[in-house]
Amino acid sequence: MAAKPRIAVLGGGFAGLESAFSLRHKLREKADITLISDSGYFLFKPNTIYIPFGDDPEKYKVYLDAPTRKKEIDLIQGRAEQIDPDRHTVKLRDFEVAFDYLIVASGAALCPQEIMGLEKHALMLWTPEDMLRLRQAYRKMLEKARAGDRQKLLFLVPPFNTCSSPLYEIALMTDTWLRNQGVRGMIEITWTTFEESFLHAFGPRLGLVIAAEFEDRAIAGYKEFAASAVEPGTVIYQNGETRQFDLLVSFPPYMGANRFPSLPLDARGFIRVERNSRRVQGRDRIFAAGDAADFPLKQAYLALLQAGAAADHIAAEIENRKPEVLFEPLTMCLMEEFDKATFAQVPLRYTGDPKKPVTVDLEDSEHYKIGVSPLWRAGKKALGLYLPWRFASGEPFHTGFARDVMDAGLKTMARVMTH
């Protein structure tokens, strides 16, 4: 190890920035930290759901130059191509970066080709550019509706996608938006998902809330509809059913963004890690956090928790102390609907079943909270301001007085407005 430990972090998303800023917060000047990101900015992806309805994508970007410079973190904009665990190097296109510790937080990538015709016939949502395309599609749909042309809008969650909550949000927001535009009666909205219940990763209680929302909003919802192919104007499902559309909106299947063959990977290209520490299996000084790791549910809040655990385990080794932070799977989301919002805090537990490794801990009533209220929209807005502000300041999400105040506010709201 170098005189001052060298820590490299791959990825400029939730897990990458939380890792880098947590390490600097914990270690101060005790380590050299390098952040390698293929983008020059962090995107607050949860709030890109507002782009189709008029928001400017730029408001959700945090450029990385200033916060990394402020925290004396070396920023390299580039894509990691290889990891050599034995030589402790990360290879980029033209040079290598040496490390003593490494956190891989390179995220997930789309693989729409797994469903024939999906890429050609669906509007797939992943980037701000995709959201802008949906905005244009909605404008055309609105024009046709006002001209008296009835249309079919179909939302699709295909297999191998377990981060579908933003698509649920967009569907509910779309209903409210169309009602405000006075054309909801001209648009038939249908929802199909491969899941056994709506948003099944968050448990049965949230599924019942969504089912009630669909019923109230006249959204036809179908579960256990796994898409097998998409043809012009038609989705074909494995159960033999078909559904027609004029506009098809989908989150595609996904896999690990960077397949590093030198690390242990599962069938989808996600890095196998130890549960509590997020240490890569068989690699003492390499960790993986967020969507790049093998935790089956991909979600921003979980990515932050994983990053915090990985950073603390590295800091503990450097400071010769016991780790203080373990990854305990608890997910939290705030789902926008425009007229109200839904809050969900859901404890998870490991099952030991490789086919369904994680499930909701239904017995943990202390942490299992669901609530629906217009007031939760304020919570979502506050979170959307707080986290980008923390990252823009070079600070991690899970530290500081402001975090304590916001956490106390959310807990108070959860006690009063959930069940």
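Which residue stands opposite Val 249 in E18? Leu 123 does, and the first view below shows its surroundings. The model is predicted, so that local features need pLDDT of at least 70 and side-chain atom pairs count only at pLDDT 80 or more, whereas totals for chains, interfaces and linings use all residues. Residues are numbered from 1 along each chain as its sequence is written, and side-chain values use heavy atoms, with hydrogens and water left out.

**View 1. Strand E18 and its parallel partners.** Helices (H or I, at least four residues) and strands (E, at least two) are DSSP runs, numbered from the N terminus, and two strands pair if DSSP finds at least two bridges between them. Strand E18 covers residues 247-250; it runs parallel to strand E11 (residues 123-124), to which 2 bridges join it, and it also pairs in the parallel sense with strand E12 (residues 151-157) over 4 bridges. On the E12 side, Leu 154 stands opposite Leu 248. Leu 247 and Val 249 point one way from E18, while Leu 248 and Ser 250 point the other way, and all are buried (under 20% relative accessible area, against over 50% for exposed and in between for partly exposed, with a 1.4 Å probe and protein chains only).

**View 2. The open sheet E6-E7-E8.** This sheet has 3 strands in the order E6-E7-E8, with antiparallel pairing. Because E6 and strand E8 (96-98) stand at the edges, each with a single partner strand, one side of each is left without a neighbour in the sheet. E6 and E7 are joined by 3 bridges, and Asp 84 has Thr 89 in E7 as its bridge partner.

**View 3. The salt bridge between Arg 283 and Asp 86.** A salt bridge is a side-chain nitrogen of Lys or Arg within 4 Å of a carboxyl oxygen of Asp or Glu, and the structure holds 29 of them. In the one between Arg 283 and Asp 86, the closest N and O atoms are 3.3 Å apart. Arg 283 lies in the loop between strand E19 (254-256) and strand E20 (286-288), and Asp 86 in the loop between strand E6 (82-84) and strand E7 (89-91), so the pair ties together parts that are 197 residues apart in sequence. Arg 283 is partly exposed, with a relative accessible area of 26%, whereas Asp 86 is exposed, at 63%.

**View 4. Arg 217 and its acidic partners.** Asp 175 forms a salt bridge with Arg 217, the closest N and O atoms being 2.8 Å apart. Asp 175 belongs to helix H5 (residues 165-181), and Arg 217 to the loop between helix H6 (204-216) and strand E14 (220-222), 42 residues apart. The side chains of Asp 339 and Arg 217 also meet in a salt bridge (2.9 Å, N to O). Asp 339 lies in the loop between strand E21 (330-336) and strand E22 (341-350), so this pair ties together parts that are 122 residues apart in sequence. Asp 339 is partly exposed, with a relative accessible area of 39%, while Arg 217 is buried, at 5%.

**View 5. The largest nonpolar core.** A nonpolar core is a set of buried Ala, Val, Leu, Ile, Met, Phe, Trp, Tyr and Cys residues joined through side-chain atoms within 4.5 Å. The largest has 97 residues, and those with the most contacts inside it are Tyr 138, Phe 155 and Trp 191. Helix H7 (residues 300-319) gives the most to this core, with 11 residues.
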